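Open the structure in your viewer and keep the selection panel at hand. This tour goes from whole chains to a single helix and back out.

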Amino acid sequence: MREAHVIGAGQTAFGSFPDESYRSLFATAVDRAVASADGFDPGDIDEAVVGTLGVGGRQIGLSGPAVTEHAGVSVPTTRVENACAASGYAVRNAVQAVRSGMADVVLAGGYEVMTDLSGDAAKYWLGVSGETEWERLTGTTFAGTYAQMASAYVDEYDATVDDLSRAAVKNHANGAQNPHAHLSFECSLEDASGAGVVADPLTLYHCCPTSDGAAAVLVASEDVATEYDSARIAGVGAASDRVGLFERDTYTSIPASGDAADAAYEMAGFGPGDVDIAEVHDCFAIAELLAYEDLGFCDRGEAPALLRAGVTERDGRLPVNVSGGLKSKGHPIGATGAGQIVELWKHLTGNAGDRQVEGVDVGLAHNVGGSGGAAVVTILEGDQ
Amino acid sequence: MSDGDAAVVGVGAYAPRFRLPASAVRDALGAFHARGVESVAVPDADEDSVTMAAEAGERALAAAGEQAADVDALFLASTTLPYEEETATARVARLLGLPETVRTAQFGGSTAAGGGALDAALDADGVALVVATDAPEGAPDDAFGQAAGAGAGALVVAPAEGRERAATVVERASYTATYPGTRFRERGSEEITGLGVTSYDRQAYRETVVGAVETLDGAAGVDAAALQAPNGDLPFRAARSLNVDADAVGAGTVAADVGDAGAASAFLGLAAAFDAAGHDVLLVPYGSGGTAHAFRLRADHHVPVRQTVAGDRELDFASAERRRGAFDSGVPEGGGAYVSVPSFRRTLPQRHRLVAGRCLSCGSFAFPPEGACPDCGAREGYEDVALSGTGTVEAVTTISQGGAPPEFVPQQARAGEYASAVVAFEAPDGGTVSAPVQVVLADDDAPEIGDSVVAVPRVLYDQEGVRRYGLKVQAAASRRS
């Protein structure tokens, strides 16, 4: 089977952009992805797959063509919906299209506009990917569900609120260097642990923001890839699980993440020890800790120790979320998964500029939908 | 059934745990006008006349040793059911797990409604459940509003034959005198009001109540008199005309503690009287307008009572007004996730009775019992298994103020933070089933992982004008005895 490669990738800044629309944001991301592939002709795109949740209900139906036509990419377009994992799955669909031979170049991306909602409307839209019929009707929210996981984790393992904060502090330090980050400021451990409680034990600094933004990735066959700065998609794995936390056997891991990672590692022929850099889905601080364990970066209950030892900091052995992660870079739901690939592609191809992490060959992206009803893990290897 | 055959075989009573003391109202407003009332019961933000009816009904059935499935009739009395049209009996019946074939009727119109309901039960065949429930409202600065309390009383009426612990209704009578304007609520209004002519109001009460009692063979010899108590003063005044001593009235009156419990008033008094081992008790529900029903009940043995009435949380005036909804701006506008009423209705066995399923293929439990088995993946179907209402917290969080999803914004506006948990409920033959539930905090801290919790019926939320009820839990440790 032929391989798929990322030959270009770009994104808008993540943040709040009252003068932009979801279409204009997506067009900017496409322009940047195309520009990043020096000499690439967008007319060579065969197909597009875009992820969005559709927060605000601005274009529920035909939301795919609505953005690709606006961007001047008039190709068959499919919209993928898997909540916060939408564009991680869009990238996976692009890989499938290229590997199958049905397409040579696929545009995969995502977008979301979230910051133009009234406070009332936001209350409705932020809960739409939780388990609606049961979980939501207990009055819980996403923060609430992840807080329940945090409560179970802290109860089961040697972990504290400060351990959660360490993930946030690290990611803010990284995001402060990223011109595309939504919350590009640093914070201290005291800031994070002492902030107002959103859903006990999670404080405001343990929760990612809602953001506007778009990201786009060009996925191409190997014969096309030779002409560009490219990274091979060595493995991609995905998994589903019960949407409601209460329906799962464990509250201290996200089984879909583990299953997706296993599939991705197997396809790539790599293990966790081969990963040099990772972007993981830290929508809430506890999620980053669970990700370390679900992805095999450490044993169960060892994530706090990994954070305390600085292993996942920018200059550590395995930098995680050098972009700032969802916490600092931001979380425009449909754009997040593709945005992770943008970040990895830059570092693996030497296109990360001042933020370049040197000496990294293998990168892993981990994108979760909801509280773990869907997960997708993508492993990239630099071609140069 | 003749009166000699029908007996009260179990009594249940419930009042909210919150109390607003008269002193707090006096501090806030400078005066307190409800005579003989020392505190009033204030419902939690997610309690109403339906949930209190379920609480009292469940206790009455337990006291009587009756199964919900064996109840033949439900007679529900209240002046404050959530809908002016649409029967509340169906909601109460489902929350209690009564059979679909249950005969039901709803009584209202005045606080005497419970008398009509008991009359109907005494005339019915089989096992009847009578529930009187109320949470009257009035202006915060007048005697009606300041007296307004809340509570529910329930009686199981069944053939006396074969039961030792039963109170036989030896006599009953009604009396109607016409006294307009003493207490009324105009159509569409939430607040009771009245002309406030003190001597006229007292005369209306006295003539009607005394008239009903004198139509019996009088009240001589009763050891308790559960008279309608619009406040803590009128029953004692009327007692002088009835030749009943103040101690007997005191034994059948809870208004000093819970305030004016409307249609539930005399039933709460009856529960207190039987709980204190009363054997010869007068029950007189009275309603403005005016009408009264008088019942004389006699028991040879202690009548079984289960009641949770005493308060254990004191509110200041602002907190009480907040819980009553003074600062509730309603459900936010918006779209997005939504559970339709038909979808919600489909799940009532789970919402109201915690009905889980045992997989027909592998035998493991599922909640809700639908779709592929979470354990073995089979779609063979499930055998219904009603979980007990007790369980253990497996994961929990407290949703901070302002963080509630839209459905729960009004509740948070009224009652503040609540917790949300995954609870492992106990299955009847061992094992547990996990289900998500909201935790009623009542100003306490959230329970911790491993703590025991107990299910309670509550309002979940209102949407599109339709109230949704379901089970929540409260920490076993903070439960009232």
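The stops below run through one chain, a helix within it, and then the other chain.

Keep in mind throughout that this is a predicted model.

**Stop 1: chain A**

Select chain A and colour by secondary structure. You should find 13 helices and eleven strands. The radius of gyration is 19 Å, close to the 21 Å that the globule rule gives for 384 residues, so chain A is as compact as a globular protein of that length. Turn the C-alpha trace along its principal axes: chain A spans about 55 × 45 × 35 Å.

Now colour by burial. Of the 384 residues of chain A, 65% count as buried. Switch to the surface. The accessible area of chain A is about 12300 Å², and carbon and sulfur atoms hold 46% of it.

Next, contacts. Take pairs in chain A at least 6 apart in sequence: 78% of these contacts join residues at least 24 apart. Then show the charged side chains. Chain A carries 22 positive and 55 negative charges, and their mean positions lie 3 Å apart.

**Stop 2: helix H3 of chain A**

Select residues 86–100 of chain A, which form helix H3. How far does this helix reach from its first C-alpha to its last? The 15 residues of H3 cover 21 Å, close to the 21 Å expected at 1.5 Å a residue.

Bring back the surrounding chain. Is H3(A) enclosed or open? Eleven of its 15 residues are buried, so H3(A) is largely enclosed by the rest of the structure. Step along the buried residues: A:Ala86, A:Ser87, A:Gly88, A:Tyr89, A:Ala90 and A:Val91 come in a run. Further on, the buried residues are A:Ala94, A:Val95, A:Ala97, A:Val98 and A:Arg99. As you step, recall that an α-helix has 3.6 residues a turn, so residues three or four places apart point the same way.

Go just past the end of the helix. H3(A) is followed by A:Gly101, with a positive phi near 90°.

**Stop 3: chain B**

Select chain B. It holds 14 helices and 22 strands. Its radius of gyration is 23 Å, which agrees with the value near 23 Å for a compact globule of 481 residues. The C-alpha trace of chain B spans about 70 × 55 × 35 Å along its principal axes.

Colour by burial again. Of the 481 residues of chain B, 59% count as buried. Chain B exposes about 18100 Å², with 45% supplied by carbon and sulfur atoms.

Among contacts in chain B with a separation of 6 or more, 73% join residues 24 or more positions apart. Finish on the charges: the mean positions of the 38 positive and 66 negative charges of chain B are 1 Å apart.

How values were computed:
Residues are numbered from 1 along each chain as its sequence is written. Chains are lettered from A and ligands numbered from 1 in the order in which they are written. This is a predicted model: local features need pLDDT of at least 70, side-chain atom pairs count only at pLDDT 80 or more; totals for chains, interfaces and linings use all residues. Side-chain values use heavy atoms; hydrogens and water are left out. Helices (H or I, at least four residues) and strands (E, at least two) are DSSP runs, numbered from the N terminus. The radius of gyration is taken over C-alpha atoms; the globule rule is 2.2 Å times the number of residues to the power 0.38. Buried means under 20% relative accessible area, exposed over 50%, partly exposed in between (1.4 Å probe, protein chains only). Contact means heavy atoms within 4.5 Å. Accessible areas come from the Shrake-Rupley method with a 1.4 Å probe; for residues, only the protein chains shown count as cover. Lys and Arg count as positive and Asp and Glu as negative; His and the chain ends are not counted. The place of a charge is taken as NZ of Lys, CZ of Arg, CG of Asp or CD of Glu. The expected span of a helix is 1.5 Å times one less than its number of residues.
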